[in-house]
Amino acid sequence: MEPEFLNTSIIIPAYNEQEAICNVVNDLKQKLPQTEIIIVNDGSTDQTYNKIKNLDAKIINHPKCLGY
């Protein structure tokens, strides 16, 4: 029996992750469909934001890299 994850959030930091971010988010949504996904785009200089803006996830988009 699959565990149910309700009221759970996963926060994914992203910086220049255009190649991998969609696969990561899609895999998580498939395996944990009840989980909220939040992506923090930390000022990426590639196409990361354009890749994530249409995903089923909440997005926090920093205009410049803030680091930790």
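**Exercise 1.** In this predicted model, find which residue stands opposite Asn41 in E2, then work out how the strands around E2 are arranged.

*Solution.*
- Start with the partner: Ala14 is the residue opposite Asn41 of E2.
- Next, trace how the chain gets across. It leaves E1, runs through helix H1 (residues 21–31) and arrives at E2, a β-α-β crossover that is right-handed.
- Now check the pairing of E1, residues 9–14, with E2: the sense is parallel, over six bridges.
- Then look at E3, residues 58–62. E2 pairs with E3 in the parallel sense too, over five bridges. In this pairing, Val40 sits opposite Ile60 of E3.

**Exercise 2.** Decide whether Asn41 is buried or exposed, and place that result in the context of its strand.

*Solution.*
- Locate the residue: Asn41 belongs to strand E2, residues 36–42.
- Take its relative accessible area, which is 2%. The cut-off for buried is under 20%, so Asn41 counts as buried.
- Zoom out to the strand. Six of the seven residues of E2 are buried, so E2 is largely enclosed by the rest of the structure.

**Exercise 3.** List what the side chain of Asn41 makes polar contacts with, then name residues that Asn41 touches further along the sequence.

*Solution.*
- Take Ser44: its side chain and that of Asn41 are joined by a polar contact of 2.5 Å.
- Move on to Asn61, where a side-chain polar contact with Asn41 comes out at 2.6 Å.
- Finally, skip residues up to four places away in sequence. Asn41 then touches Ala14, Thr48, Tyr49, Ile52, Ile60, Asn61 and His62.

Technical notes:
Residues are numbered from 1 along each chain as its sequence is written. This is a predicted model: local features need pLDDT of at least 70, side-chain atom pairs count only at pLDDT 80 or more; totals for chains, interfaces and linings use all residues. Side-chain values use heavy atoms; hydrogens and water are left out. Helices (H or I, at least four residues) and strands (E, at least two) are DSSP runs, numbered from the N terminus. Buried means under 20% relative accessible area, exposed over 50%, partly exposed in between (1.4 Å probe, protein chains only). A polar contact is a pair of N or O atoms within 3.5 Å; within protein, one must be able to donate a hydrogen and the other to accept it, and residues adjacent in sequence count only if both atoms are side-chain atoms. Contact means heavy atoms within 4.5 Å. Two strands pair if DSSP finds at least two bridges between them. A crossover is right-handed if, with the strands pointing away from the viewer, the path from the first strand over the helix to the second runs clockwise.
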